[in-house]
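Q: I would like a close look at one part of this protein, its nonpolar core. Please set that part against the rest of the chain, and go through individual residues where that helps.

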Amino acid sequence: MRILGIDYGDARTGLSISDPSEFLAGSPSVIHEWNYDKLVEKLTAFIEQNKIGEIVLGHPLNMDGTVGPRAEKCQALAKALEERTGLTVHLWDERRTTVAAHEILHRAGKKEKKHRENVDAVAATLILQGYLDKKRRG
(Lines give C-alpha, C1' and ligand atoms only; values in the text may rest on other atoms or scores of the structure.)
Protein backbone atom coordinates (compact mmCIF):
# COMPACT_ATOMS: atom_id res chain seq x y z
CA MET A 1 0.00 0.00 0.00
CA ARG A 2 1.16 3.54 -0.68
CA ILE A 3 0.74 6.34 1.84
CA LEU A 4 0.37 9.98 0.83
CA GLY A 5 1.95 12.77 2.88
CA ILE A 6 0.44 16.25 2.51
CA ASP A 7 1.75 19.67 3.55
CA TYR A 8 -1.33 21.87 3.01
CA GLY A 9 -0.84 25.51 2.11
CA ASP A 10 -3.07 28.30 0.84
CA ALA A 11 -1.28 28.57 -2.51
CA ARG A 12 0.91 25.46 -2.70
CA THR A 13 0.28 22.01 -1.26
CA GLY A 14 3.23 19.66 -1.02
CA LEU A 15 2.83 15.94 -1.66
CA SER A 16 4.99 12.90 -1.06
CA ILE A 17 4.22 9.21 -1.63
CA SER A 18 5.69 6.22 0.18
CA ASP A 19 7.13 3.24 -1.59
CA PRO A 20 4.86 0.16 -1.54
CA SER A 21 6.76 -1.30 1.45
CA GLU A 22 5.97 1.87 3.46
CA PHE A 23 9.65 2.33 4.26
CA LEU A 24 10.63 5.49 2.36
CA ALA A 25 8.90 8.73 1.46
CA GLY A 26 9.59 10.00 -2.04
CA SER A 27 8.11 11.28 -5.30
CA PRO A 28 7.76 14.84 -3.99
CA SER A 29 5.49 17.19 -5.92
CA VAL A 30 3.41 20.33 -5.46
CA ILE A 31 -0.15 21.24 -6.37
CA HIS A 32 -0.54 24.96 -7.08
CA GLU A 33 -4.11 25.83 -6.16
CA TRP A 34 -5.69 28.74 -4.27
CA ASN A 35 -9.29 27.53 -4.49
CA TYR A 36 -10.09 25.08 -1.66
CA ASP A 37 -12.78 23.12 -3.54
CA LYS A 38 -10.55 22.72 -6.59
CA LEU A 39 -7.70 21.60 -4.32
CA VAL A 40 -9.90 18.90 -2.77
CA GLU A 41 -10.84 17.75 -6.30
CA LYS A 42 -7.19 17.66 -7.39
CA LEU A 43 -6.14 15.79 -4.27
CA THR A 44 -8.95 13.26 -4.70
CA ALA A 45 -7.92 12.64 -8.31
CA PHE A 46 -4.25 12.32 -7.28
CA ILE A 47 -5.19 9.80 -4.57
CA GLU A 48 -7.17 7.70 -7.04
CA GLN A 49 -4.51 7.87 -9.79
CA ASN A 50 -1.73 6.82 -7.42
CA LYS A 51 -3.72 4.09 -5.65
CA ILE A 52 -3.18 5.65 -2.22
CA GLY A 53 -4.39 3.56 0.73
CA GLU A 54 -3.73 5.94 3.61
CA ILE A 55 -3.11 9.67 4.10
CA VAL A 56 -1.02 11.62 6.58
CA LEU A 57 -1.69 15.35 6.69
CA GLY A 58 0.55 17.87 8.40
CA HIS A 59 -1.20 19.42 11.40
CA PRO A 60 0.44 22.77 12.20
CA LEU A 61 -0.17 23.12 15.91
CA ASN A 62 0.97 26.24 17.72
CA MET A 63 4.32 25.91 19.49
CA ASP A 64 2.48 25.45 22.81
CA GLY A 65 0.51 22.54 21.31
CA THR A 66 -2.78 24.37 20.93
CA VAL A 67 -4.92 24.37 17.79
CA GLY A 68 -4.92 27.64 15.87
CA PRO A 69 -6.65 28.79 12.67
CA ARG A 70 -4.17 27.02 10.37
CA ALA A 71 -4.58 23.71 12.20
CA GLU A 72 -8.37 24.10 12.00
CA LYS A 73 -8.08 24.44 8.21
CA CYS A 74 -6.09 21.22 8.11
CA GLN A 75 -8.69 19.44 10.23
CA ALA A 76 -11.37 20.55 7.76
CA LEU A 77 -9.27 19.28 4.84
CA ALA A 78 -8.77 15.95 6.61
CA LYS A 79 -12.53 15.58 7.06
CA ALA A 80 -13.20 16.50 3.41
CA LEU A 81 -10.63 13.97 2.16
CA GLU A 82 -12.01 11.22 4.39
CA GLU A 83 -15.52 11.90 3.09
CA ARG A 84 -14.43 12.02 -0.57
CA THR A 85 -12.04 9.05 -0.54
CA GLY A 86 -13.19 6.83 2.32
CA LEU A 87 -9.55 6.68 3.49
CA THR A 88 -8.22 7.33 6.95
CA VAL A 89 -6.44 10.69 7.27
CA HIS A 90 -3.91 10.86 10.11
CA LEU A 91 -3.07 14.33 11.41
CA TRP A 92 0.68 14.60 12.04
CA ASP A 93 2.23 17.30 14.23
CA GLU A 94 4.31 19.27 11.74
CA ARG A 95 5.74 21.96 13.97
CA ARG A 96 9.07 23.17 12.57
CA THR A 97 8.77 21.00 9.44
CA THR A 98 8.94 23.98 7.09
CA VAL A 99 11.98 25.32 8.95
CA ALA A 100 13.68 21.93 8.57
CA ALA A 101 12.73 21.85 4.86
CA HIS A 102 14.37 25.27 4.33
CA GLU A 103 17.51 24.02 6.12
CA ILE A 104 17.65 20.94 3.87
CA LEU A 105 17.31 23.06 0.73
CA HIS A 106 19.96 25.48 2.00
CA ARG A 107 22.40 22.63 2.71
CA ALA A 108 21.69 21.21 -0.74
CA GLY A 109 22.95 24.48 -2.22
CA LYS A 110 19.59 25.79 -3.38
CA LYS A 111 19.38 29.55 -3.54
CA GLU A 112 16.92 31.07 -1.06
CA LYS A 113 14.80 32.49 -3.89
CA LYS A 114 14.30 28.95 -5.24
CA HIS A 115 13.18 27.52 -1.88
CA ARG A 116 9.56 28.53 -2.46
CA GLU A 117 9.33 26.16 -5.44
CA ASN A 118 10.40 23.11 -3.43
CA VAL A 119 9.86 23.72 0.28
CA ASP A 120 6.29 22.36 0.40
CA ALA A 121 7.26 19.10 -1.31
CA VAL A 122 10.24 18.69 1.03
CA ALA A 123 8.01 19.42 4.04
CA ALA A 124 5.50 16.80 2.84
CA THR A 125 8.34 14.30 2.55
CA LEU A 126 9.47 15.07 6.11
CA ILE A 127 5.90 14.70 7.41
CA LEU A 128 5.45 11.38 5.65
CA GLN A 129 8.87 10.00 6.62
CA GLY A 130 8.25 10.89 10.27
CA TYR A 131 4.93 9.06 10.13
CA LEU A 132 6.46 6.01 8.40
CA ASP A 133 9.27 5.83 10.96
CA LYS A 134 6.83 5.98 13.87
CA LYS A 135 4.53 3.42 12.25
CA ARG A 136 7.45 1.01 11.80
CA ARG A 137 8.52 1.42 15.43
CA GLY A 138 4.98 0.60 16.52
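A: The answer below starts with the whole chain, turns to the core, and then works outward to residues in helices, strands and loops.

The model is a predicted one. The protein contains four helices and five strands, and along the sequence these come in the order β-β-β-α-β-α-β-α-α. The radius of gyration is 14 Å, close to the 14 Å that the globule rule gives for 138 residues, so the protein is as compact as a globular protein of that length. Along the principal axes, the C-alpha atoms fill a box of roughly 40 × 35 × 30 Å.

Of the 138 residues, 43% count as buried. The accessible surface comes to about 7,700 Å², and carbon and sulfur atoms account for 52% of this surface. Taking contacts between residues at least 6 apart in sequence, 62% join residues at least 24 apart. As for charge, there are 21 positive and 20 negative side chains, with the centres of the two sets 5 Å apart.

The largest nonpolar core has 21 residues, and the members that touch the most other members are L4, I6, L43, I55, L57 and L81. The elements that contribute two or more residues to this core are β1 (2-7), β2, α1 (36-49), β4 and α2. Apart from this core lies another one, made of seven residues, among them I3, A25, I127 and Y131.

Two of the well-connected members, L43 and L57, can be followed through their contacts. L43 sits in helix α1. Its relative accessible area is 0%, and with the limit for buried set at under 20%, L43 is therefore buried. Leaving out neighbours within four places in sequence, L43 is in contact with I6, L15, I31, L77 and L81. Of these partners, I6 and L81 are also among the core members that touch the most others. A25, named above as a member of the other core, is 18 residues from L43 along the chain, and the C-alpha atoms of the two are separated by 18 Å.

L57 has contacts with I6, Y8, C74, L77, A78, V89, H90, L91 and W92, again without neighbours within four places in sequence. I6 and L77 are thus on the list for L57 and on the list for L43.

What does the residue just before L43 do? K42 is also found in helix α1, but its relative accessible area is 37%, which makes K42 partly exposed. Not counting residues up to four places away, K42 touches I31, H32 and E33. I31 is likewise a contact of L43. The C-alpha atoms of K42 and A124 are 16 Å apart, with their positions 82 residues apart along the chain.

V67 belongs to the loop between β4 (52-59) and α2 (69-85), two elements that give residues to the largest core. At 40% relative accessibility, V67 counts as partly exposed. Beyond its neighbours within four places, V67 is in contact with H59, L61, N62, E72 and Q75. D10 is 57 residues from V67 in sequence and 18 Å from it in space, C-alpha to C-alpha.

The loop between β2 and β3 holds F23, which is partly exposed at 44% relative accessibility. Setting aside neighbours within four places, F23 is in contact with Q129, L132 and R136. By contrast with these contacts, D37 is 14 residues from F23 in sequence, yet the C-alpha atoms of the pair are 32 Å apart.

Two residues in this stretch of the chain deserve a note on backbone geometry. Most residues other than glycine have a negative phi. E22, in the loop between β2 (12-18) and β3 (25-32), has a positive phi, near 60°. The relative accessible area of E22 is 19%, and because the limit for buried is under 20%, E22 counts as buried. S27 has a positive phi too, near 50°, but S27 is placed in strand β3 and counts as exposed, at 53% relative accessibility.

To return to the request: the largest core takes two or more residues from each of β1, β2, α1, β4 and α2. Within helix α1, L43 is buried, while K42 is partly exposed. In the loops, V67 and F23 are partly exposed, whereas E22 is buried.

Technical notes
Residues numbered from 1 in each chain as written. Predicted model: local features only at pLDDT ≥ 70, side-chain atom pairs only at ≥ 80, totals over all residues. Heavy atoms only, no water. Rg over C-alpha atoms; globule rule 2.2 N^0.38 Å. Buried < 20%, exposed > 50% of the residue type's maximum accessible area, 1.4 Å probe, protein only. Contact = heavy atoms within 4.5 Å. Areas by Shrake-Rupley, 256 points an atom, 1.4 Å probe, with all protein chains shown as cover. Lys, Arg positive; Asp, Glu negative; His and termini not counted. Charge placed at Lys NZ, Arg CZ, Asp CG, Glu CD. Core = buried A, V, L, I, M, F, W, Y, C linked by side-chain atoms within 4.5 Å.
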